[in-house]
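These are my notebook entries on one chain, made with the sequence and the model open side by side. I looked up strands, helices, cores and a few single residues in turn.

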Amino acid sequence: MSATSENTAGSTESAVVSADGTTIAFRRSGSGPAVILVASALADRSDGAKLAGLLARHFTVINYDRRGRGASGDGARYAVEREIEDIAALLEHCGGSASVFGSSSGAVLALRAAAAGLDIPRLALYEPPFAVDGDAFGPPADFAGRIDALLTEDRRGDAVKLFMTKAQGMPGLLVASMRLMPGVWSGLKALAPTLPYDIAVMGDTQRGEPLKADEWSSVASRTLVLTGGKSPEGFHQAARALTEVLPHAEHRTLDGLNHGAVVMAPKKLAPSLVPFLAG
């Protein structure tokens, strides 16, 4: 079930209703084969807006707000399966099949949707943050509990800081500087309640252990795993490990990019996505 309204910029604002009744909002732009964009943690569809515009020259792009973010609703109780159902509702809107691009934890959500059997012919992933070699790359063992405690106390800013420093590896001084940008920081605090969602999406894949082949071997999609040349080695280790357990995958490194490429360098990311997604 979907609803649509026209937008003067050549795109449409639309929404679908997921299996549990939650409204999932998205912007549809362009024409051609359908591509769904899946946002990372602490992000809504605005993060992928520039990339969506570039891809819309070649595809019908569905850039959506994950549940609990932006214009989308949220269910009473979260489960990763609900987010997979959200993608299924978007696929139905696209005619039952679409390629998918996801970044960071959004890449892992896209993977889980493909592993669940959704019709995703091509899957492009940017730096899924698996920790596969030791525990230095992933967050500390008590990370999920600490995030939950901070959110229970309504300390959203502290939860954002903890996530950025312990999960994303950002320097504390950089996070402190972001606090001085009220518009940016207030947006991040608004998204803080969804941090447990991304932690759930990651599951047990950040414990510094090898990926479980049987967890991902059902992914039938032809898959492109991308990493940035400036990103920490852990992302490259994760990409190599993932391509080894997926049946139809390849890994490429894009020179000059880092983990924030979707927002900071979409013009350098799109040229690798377009030919792959076009088949």
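**Entry 1: strand 8 and its partners**

I began with strand 8, residues 222-228, in this predicted model. Six of its seven residues are buried, and I therefore noted the strand as mostly covered. I then looked up the pairing. Strand 7 (residues 122-126) runs parallel to strand 8, and I found five bridges between the two. Within that pairing, Leu123 has Thr223 of strand 8 as its bridge partner. Strand 8 also pairs with strand 9 (residues 249-254), again in the parallel sense, over six bridges. Here Gly228 is bridged to Leu254 of strand 9. I followed the chain from strand 8 through helix 10 (residues 233-245) to strand 9 and recorded a right-handed β-α-β unit.

**Entry 2: Thr227**

Is Thr227 of strand 8 buried or exposed? Its relative accessible area is 0%, so I entered Thr227 as buried. Beyond its neighbours up to four places away in sequence, Thr227 touches Tyr126 and Glu127. The list of its contacts also includes Phe235, His236 and Ala239, as well as His251, Arg252, Thr253 and Leu254.

**Entry 3: the nonpolar cores**

Which residues have the most contacts inside the largest nonpolar core? I noted Tyr64, Leu111, Leu123, Phe130 and Leu242, in a core of 40 residues. Among the elements that each supply at least two residues of this core are strand 3 (23-29), strand 5 (60-64), helix 2 (80-93), helix 8 (195-202) and helix 10. Helix 3 gives the most, with seven residues. A second core of 25 residues is separate, and I found Leu54, Tyr126, Val262 and Leu273 among its members.

I then returned to Leu123. Leaving out residues up to four places away in sequence, Leu123 touches Val100, Ala110, Leu111 and Ala114. Its other contacts are Val219, Ser221, Arg222, Thr223, Leu224 and Phe276.

**Entry 4: helix 3**

Why do I describe helix 3 as largely enclosed by the rest of the structure? The reason is that 10 of its 11 residues are buried. They run from Ser105 through Gly106, Ala107, Val108, Leu109, Ala110, Leu111, Arg112 and Ala113 to Ala114. After helix 3 comes Gly117, and I noted its positive phi, near 100°.

**Entry 5: Glu83**

I located Glu83 in helix 2. Its relative accessibility is 1%, and because buried means under 20%, I counted Glu83 as buried. Apart from neighbours within four places in sequence, Glu83 is in contact with Arg66, Arg67, Tyr78, Leu109, Tyr197 and Val201.

**Entry 6: helix 12**

Finally I examined helix 12, residues 266-278. The helix has 13 residues and reaches 17 Å from its first C-alpha to its last, close to the 18 Å expected. Where does helix 12 bend? I placed the bend at Ser272, by about 25°, with Pro275 following within four residues. The buried residues of this helix are Pro266, Leu269, Ala270, Ser272, Leu273, Val274, Phe276 and Leu277. Ser272, the site of the bend, is thus recorded as buried. Gly279 follows helix 12, and its phi is positive, near 80°.

Note on methods
Residues numbered from 1 in each chain as written. Predicted model: local features only at pLDDT ≥ 70, side-chain atom pairs only at ≥ 80, totals over all residues. Heavy atoms only, no water. Buried < 20%, exposed > 50% of the residue type's maximum accessible area, 1.4 Å probe, protein only. Pairing = 2+ DSSP bridges. Right-handed = clockwise from strand over helix to strand, strands pointing away. Expected span 1.5 Å × (residues − 1). Bend = angle between axes of the 7 residues up to and from the residue. Core = buried A, V, L, I, M, F, W, Y, C linked by side-chain atoms within 4.5 Å. Contact = heavy atoms within 4.5 Å.
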